[in-house]
Amino acid sequence: MTRKFYRLLLLSIFCTFLSASAFAQRAGSGADQIASFAEDLSWLPTEGEILGMPVNIHGQTTYVNQRYNNFTSSYSGLNSLSAQKSMSYTWTGTLFFGARLAPNTDIYFNPEVVSGVPFSGLVGLGGFSNGEATKAGGLNAKVYSARAFLRQTFNQEGEQIVLEDDSNQITQTVSSNRVVVTAGQFSTLDIFDDSRYAKDPRIQFMNWGNMTYLAYDYAADARGYSTGLAGEWYIDNWVLRASRMLAPKNPNGRDLSWQIFNTYGDQIEIERQHSIGDLPGKVSVLAYRNKMILARFQDATNYVIANNAQGTQAISNVRNNYQYKTGVGLHGEQALTADLGIYARAFTSDGHTETMSFTEADNSMSVGMSMNGTSWQRPSDSIGISMMQNGLSSFRRGYLQAGGVSYFIGDYAGPTQTISYRPERISEVFYNGLVVKNVLAGLNFQHIQNPAYNSARGPVNILSFRIHAEF
């Protein structure tokens, strides 16, 4: 790992402990979903009992339509975002079933349906514009299992906290000091890098760089889910998390490898929650290590040059050995008022190897703020604004400049065209408004400079319409 990696790690740990002087608040809930804005429907109870066993059911559906006009492009390559006027959409529907087998033992199952067409077949950007696009696979709707997991809670002495009925959370009283174990099929992001302001593309910011750290190559299948074991240890206002998740058989593939000691994604996170003047905030440090058969960019660059393989995805020709990929990030957020909050993320990965599961980024930063509409008498409305900068390592950049094409990006168009590398910069703003009970509609605008890190293309302006309903 590089000196930059260690410097960021030391700085992250220092900032985490520095925040300990703030006032403590309750530990987090350990639930998998963003807290619901939805109200109870009198005609549709979401929690009850079957044969004396507590159960619940929730659901959501989200439709996103995105468009952009022609943008400047002096050339395009195999994996370039189309410079012509384009339209994209996604639609998802999810049911959240839960049952309590014992006082502190729950099981959950989430069947999901999806259809959609992403921009340019989901290539040509580092920070893609729609977090739901990871699941989109064509015009025909596909049904699959998103989650099927067991959660066991081990309560210790501490303050009693009531976790309200919600998606993947049956009403439960837990201790502020507890251990939570999750096993089965779920998303790594269900457990790690939680955020009150930038997490869920269905009701918050939509860009991939606002779902989590863009440079966090977390283990997942092509839809963003995996299978594994995760543990969370809540100690008053501290949380320690760790997990091992299955990696895909092939980079960015749909099928997972069950050789959990040979191919995997490990992560560990330390979170310090606090209150400043009764306003909640937190700081967290997350590190990961992946292991699987991956291409090294230096090897791929050498292959391109030796075989005149410009314009090809040469990384697939040099996947010969198991490689380790590591990264570390820092996340902080703070409520400034009861209605307004800010957040910031920064992450760096080692950058020697190709992407395993997420997207093409080796370092990333994002900042933003979000506010609900209480001050203008619309408490269920929300507005947000953010800015992101994403970058590539010298190894990945060298491969692209030599004429190589990666999984999601690659603008090589001929021997006279050399990519002029620049960081990808993205601005995003959204507004969601409550249309009727439990239904939000909103607009989202994203301005993307240097798409796929190429200063010869763009900027791209993407306008989105989103409608979301849940119960």
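Leaving aside neighbours within four places in sequence, N290 is in contact with D217, Y264, G265, D266, Q323, Y324, K325 and M356. The model described here is predicted. N290 belongs to strand β12, which spans residues 279-293. Is N290 buried or exposed? N290 has a relative accessible area of 0%, and because buried means under 20%, N290 counts as buried. The side chain of N290 also reaches the backbone oxygen of D217 at 2.8 Å.

Strand β12 appears again in the nonpolar interior. The largest nonpolar core has 59 residues, and Y216 and Y399 are those with the most contacts inside it. The elements below each supply at least two residues of this core.

| Element | Residues |
|---|---|
| α2 | 188-191 |
| α3 | 208-211 |
| β12 | 279-293 |
| α4 | 297-307 |
| α5 | 394-401 |
| β19 | 460-470 |

Not counting residues up to four places away in sequence, Y216 touches T188, L189, F192, Q267, L286, Y288, F347 and F358. A second, separate core has six residues, including Y197, A198, Y343 and F430. In soluble globular proteins, nonpolar side chains tend to be buried together.

The last topic is empty space. How many cavities of 30 Å³ or more does a search of the whole structure find? The search finds four. The second largest cavity holds about 70 Å³ of space. Its lining consists of Q66, L81, S88, P118, F119, L122, V123, L125, F128, S129, N130 and A133. By class, eight of these lining residues are nonpolar and four are polar, while none is charged.

Note on methods: Residues numbered from 1 in each chain as written. Predicted model: local features only at pLDDT ≥ 70, side-chain atom pairs only at ≥ 80, totals over all residues. Heavy atoms only, no water. 1 Å grid on protein atoms, 1.4 Å probe; cavity = no way out; pocket = protein on both sides within 12 Å on 5 of 7 lines; lining within 4 Å. Points joined across faces, edges and corners; volume = space filled by probe spheres on them. Nonpolar A, V, L, I, M, F, W, Y, C, P; charged D, E, K, R; others polar. Helix = DSSP H or I, 4+ residues; strand = E, 2+ residues; numbered from the N terminus. Buried < 20%, exposed > 50% of the residue type's maximum accessible area, 1.4 Å probe, protein only. Polar contact = N/O pair within 3.5 Å; in protein donor to acceptor, adjacent residues only side chain to side chain. Contact = heavy atoms within 4.5 Å. Core = buried A, V, L, I, M, F, W, Y, C linked by side-chain atoms within 4.5 Å.
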